[in-house]
Amino acid sequence: MHNNKLYGIAAIFDNPDKIIAAAKKTVEAGYSKFDVNTPYPVHGMEKAMKLKPSKLGFITLVFGLTGSFLALFFMYWTMSLDYPMIIGGKPFFALPAFIPVTFEVTVLLATLATVIGMITFFFKFPENHHPLHDTNYMKQVSIDKFGLVIESVDKNFEIEKVKDFLNSLNPISIEEIYYKEKETYSVLEPRFLTFLFAIALVTSGSTYFILNKLLYMTPFNWMSEQLKLNPQKPSELFADGFGMRNPVKGTVARGFMPYLAKGQNNPTELLENPYLITEENIKLGKSKYLTFCSPCHGNYGDGDSRLRGQFPNPPSLHSQRARDFKDGMIYHVIVNGQNSMPSYAPYLNVEERWAVVNYIRVLQRAKNASDSDIQFVKKENLNNASN
Amino acid sequence: MNIDYSKEAPVVAGRLSLAEIEELVAKPLDTKPDRKYFIALSIAVSALMIGAISLGLSFYWGLGLWGNNQPIGWAFDIVNFVFWVGIGHAGTLISAILFLLRQKWRTGIARFAEAMTIFAVICAGLFPAIHTGRPWLDGYLLPYPNQHSLWVNFTSPLLWDVFAVSTYFTVSLVFWYIGLIPDFATLRDRTNSKIKKTIYSIFSLGWRHSSRHWQHYEKAYMLLAGFATPLVLSVHTIVSFDFAVSILPGWHTTIFPPYFVAGAIFSGFAMVVTVLVFVRKVFNLENIITMDHLDKMNKVILATGMMVGYAYGMEFFIAWYSGVQAEQFVFVNRAFGPYAWAYWIMVSCNVIFPQLFWFRKFRRSIPVMMVIVILVNVGMWFERFVITVTSLHRDFLPSSWGYYVPTLYDFGLLIGSFGLFFTLVILFTKTLPVVSISEVKAVAEGAQPSHHGGVVNA
């Protein structure tokens with residue numbers, strides 16, 4: 001026991017008046033590193049111990065105000081700047097309608113900050129290894145006694161003197177409190193690390209399972225798998241087996257010229273590309289490609305479909321075959337479809353089709369760039385930088 | 001009977017010593033549960049299972065299993081939500097508002113009422129979540145950056161609700177936990193079981209009853225109470241906005257926020273009394289939860305009941321006074337239309353029966369009190385039913401009028417929510433101190449220094 005270090009000397013009293021008097025006298029005797037432990041807050045103790053008023057309120061104030069401003073600014077940013085939308089005839093910045101959320105966020109942040117601040121910053125908790133724990137002293141003050149400890153780190157601390165002083169306050173008992181000096185970092189204990197690892201595993205595993213598997217199981221998928229026909233879904237009703245319908249034969253929409261090679265698999269005559277590759281044309285092609293083609297062909301034409309097996313994956317558009325296609329052949333596939341790929345003619349007008357063709361060419365060239373292409377891009381970048 | 005009003009009546013009856021108080025409160029935690037406990041628990045869990053099955057089927061087949069349909073799109077789901085949120089309000093009122101008003105008698109019942117708040121808000125939160133139809137996508141209710149670059153609609157009362165209820169839940173939980181820390185420390189120091197000790201140690205965070213800590217602790221409690229007070233008022237105000245901000249006759253009234261708050265406290269207190277009557281009996285806490293407590297709570301029930309009655313009258317007055325025909329139609333139809341039965345259940349349970357509490361004898365009689373508070377619970381549930389359903393069932397065109405009839409699943413979910421609530425309450429009574437040990441000790445006789453401060457043996 002005695003190779004342990006002395007934490008302090010504790011005295012126990014049996015009524016609140018005595019502990020208040022004891023606290024007063026301890027302060028008067030010049031001790032400052034002492035504490036009073038009582039099973040409930042005893043009125044007047046702050047005064048007796050000469051404690052400064054708690055500064056906790058500042059944390060509350062700062063975080064509360066932060067909460068108000070954050071909430072208000074966030075709502076202003078989302079509703080007025082990032083995605084302005086008129087709802088119920090309210091202005092973009094509808095202050096009265098923002099008040100409830102502002103208030104709630106203020107309260108939430110202020111309370112959490114107050115409590116977390118108090119526990120970690122003012123109390124330095126959790127601290128289950130404090131020398132006072134598991135002492136006889138602690139057990140008594142936990143129930144109905146009132147205790148006072150003078151710590152050995154006080155500058156006026158001398159064992160005999162402190163004992164005499166405490167005895168003069170006429171307590172019911174006096175106890176010396178020791179503690180073992182040991183350095184352990186409970187954070188590095190294998191048990192704790194395993195625990196952390198297990199938590200990480202469970203969280204990531206369940207997140208993966210929920211987002212990638214569970215939401216595609218019955219009944220969670222019932223909203224996406226309805227009895228109605230979606231585009232790209234097969235249908236038993238129609239002879240061609242496609243869910244997606246084309247207009248009645250012979251329909252000519254405005255701007256859609258009849259296509260002569262319709263229905264031929266390997267057309268003998270192909271159209272010439274009438275559109276120059278301009279920046280605007282490619283932009284148009286990109287947007288149409290991303291809308292209509294990328295679900296199956298992937299964003300870069302690699303054939304990496306996003307349809308999760310609801311439709312057969314198409315081949316890559318970077319195959320030798322596809323790169324050897326004339327522009328007119330790609331156009332033909334768009335207009336005519338090819339085997340399982342349906343026709344996209346009803347969705348794209350002539351200009352858009354050629355724009356998509358041009359964009360596919362861009363993709364193909366980018367994927368198989370030659371050295372001279374790279375030199376060219378480098379030069380462009382240099383030019384841009386020097387401008 | 002002669003009462004000396006110059007002296008405060010003792011909060012803790014029977015002159016218990018501090019150690020006796022602790023013994024009384026901690027006893028249920030130290031003893032093994034008896035037969036009665038298991039019977040109560042199995043009833044509650046059965047109700048919960050009924051709810052779970054109804055919920056499972058509702059998930060699987062969809063909300064078509066419920067009775068709501070055009071024009072009554074809001075029915076049991078929303079009624080139950082408002083009902084349970086209302087129940088929750090009593091706890092915060094007792095723990096925060098009465099704390100700020102320095103009402104010492106609150107200490108005996110605060111812990112329990114706060115626990116009931118938390119459980120009630122859990123039950124409440126369930127309903128809007130499943131009412132969305134696909135509750136696994138409820139994450140969309142939060143404003144998070146997403147691939148659609150969309151944000152939630154911050155000008156909608158339904159979204160305010162999300163913020164209000166979740167804030168309310170979090171703050172109540174934190175408030176409750178803060179109150180529990182010293183009690184965990186006390187339990188830690190009195191238990192002999194190693195497992196219990198570890199658990200209590202973790203939750204007590206190493207609390208040492210230090211006066212240097214008590215000082216911040218009391219400050220924090222004060223600040224939290226200061227926040228919880230406007231918060232609790234805001235929550236039911238916002239819940240009432242769900243109705244009042246719409247432009248439907250019967251909902252679109254400015255009296256809703258105060259009327260809802262009064263109703264919430266009314267129903268909440270009724271629920272607290274219902275449960276406390278049993279708890280004080282079963283756990284022999286008659287000296288800590290005294291007849292005076294119940295008496296005071298019954299007074300609050302009487303007062304808030306009359307506020308609610310005033311609101312009922314005022315709605316009719318405004319309907320007439322405003323001269324708006326649609327409004328007048330809705331209210332006359334409420335009292336005399338197809339749902340008149342619900343309306344009159346509501347009025348008699350909420351306004352007429354509680355008048356018995358004018359008599360001291362009834363306020364202090366357990367059987368009378370039990371009957372009245374249960375009637376109040378029923379009445380307040382019907383109030384929400386009347387507000388929600390009767391305002392919807394007569395749409396503007398007679399061709400779209402309807403009559404809502406709940407299905408078995410609706411009832412299953414209602415029963416299930418009661419099951420959930422009581423399961424949690426029953427588990428709580430055996431796992432945590434149902435009365436705040438440190439707070440009750442602090443208001444016991446002789447617990448505080450005498451006024452001439454610190455003279456030994458004064």
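This is a conversation about the interface, cavities and largest pocket of a predicted model.

Student: What makes A:Asp134 and B:Lys197 a salt bridge?

Tutor: The cut-off is 4 Å between a side-chain nitrogen of Lys or Arg and a carboxyl oxygen of Asp or Glu. For A:Asp134 and B:Lys197 the N to O distance is 2.3 Å, so the pair meets the rule.

Student: And why does the pair A:Glu127 and B:Arg208 count as a salt bridge?

Tutor: Here the side chains come to 3.0 Å, N to O, and the limit is 4 Å, so this pair qualifies too.

Student: Why is it said that this pair joins two chains?

Tutor: Look at where the partners sit. A:Glu127 is in the loop between α4 (95-122) and α5 (136-143) of chain A, while B:Arg208 is in the loop between α6 and α7 of chain B, so the bridge links the two chains.

Student: How many salt bridges does the rule find across the interface, and how many does the structure hold over all chains?

Tutor: Across the interface of chain B and chain A there are two; over all chains the structure holds 22.

Student: How do you know which residues take part in the contact?

Tutor: The test is heavy atoms within 4.5 Å. The contact takes 71 residues from chain B and 77 residues from chain A.

Student: What area do the two chains bury, and what makes it "buried"?

Tutor: It is the accessible area that both parts lose on being put together, summed over both. For chain B and chain A that comes to about 6500 Å², with 68% of it on carbon and sulfur atoms.

Student: How many residue pairs are in polar contact across this interface?

Tutor: There are 26 such pairs, with both residues at pLDDT 80 or more. On the side of chain B that touches chain A, α7(B) gives the most, 17 residues. By class that side has 37 nonpolar, 24 polar and 10 charged residues.

Student: Now the empty space. Why is one space called a cavity and another a pocket?

Tutor: In a cavity the probe fits but cannot get out, whereas a pocket is an open set of points. The whole structure has four cavities of 30 Å³ or more, and the largest has a volume of about 60 Å³.

Student: What makes the lining of the largest cavity a shared one?

Tutor: α2 (45-49) of chain A and α7 of chain B each supply at least two residues of that lining. Among the lining residues are A:Met45, A:Glu46, B:Trp214 and B:Glu218, and α7(B) has the largest share, four residues.

Student: Which residues line the second largest cavity?

Tutor: That cavity, with a volume of about 50 Å³, has a lining that includes B:Thr92, B:Glu114, B:Ser172 and B:Phe175. By class, the lining residues divide into three nonpolar, five polar and one charged.

Student: What about the largest pocket: how much space lies in it, and which residues are nearest its centre?

Tutor: About 1700 Å³ lies in the largest pocket. It is lined by 30 residues, and A:Glu127, A:Asn128, A:His129, A:His130 and A:Ser186 lie nearest its centre.

Student: How do you know that elements of both chains line the largest pocket?

Tutor: β4 (173-179) and α7 (190-212) of chain A, together with α5 and α6 of chain B, each supply at least two lining residues. The largest share, five residues, is from α6(B). By class, the pocket lining has nine nonpolar, 10 polar and 11 charged residues.

Key. Residues are numbered from 1 along each chain as its sequence is written. Chains are lettered from A and ligands numbered from 1 in the order in which they are written. This is a predicted model: local features need pLDDT of at least 70, side-chain atom pairs count only at pLDDT 80 or more; totals for chains, interfaces and linings use all residues. Side-chain values use heavy atoms; hydrogens and water are left out. Buried area is the accessible area (1.4 Å probe) that two parts lose on being put together, summed over both. A polar contact is a pair of N or O atoms within 3.5 Å; within protein, one must be able to donate a hydrogen and the other to accept it, and residues adjacent in sequence count only if both atoms are side-chain atoms. Ala, Val, Leu, Ile, Met, Phe, Trp, Tyr, Cys and Pro count as nonpolar, Asp, Glu, Lys and Arg as charged, and the others, Gly among them, as polar. On a 1 Å grid over the protein atoms alone, a cavity is a set of points where a 1.4 Å probe fits but cannot get out, and a pocket is an open set with protein on both sides within 12 Å along at least five of seven lines; lining residues have an atom within 4 Å of a point. Grid points are joined across faces, edges and corners, and a volume is the space filled by probe spheres set on the points.
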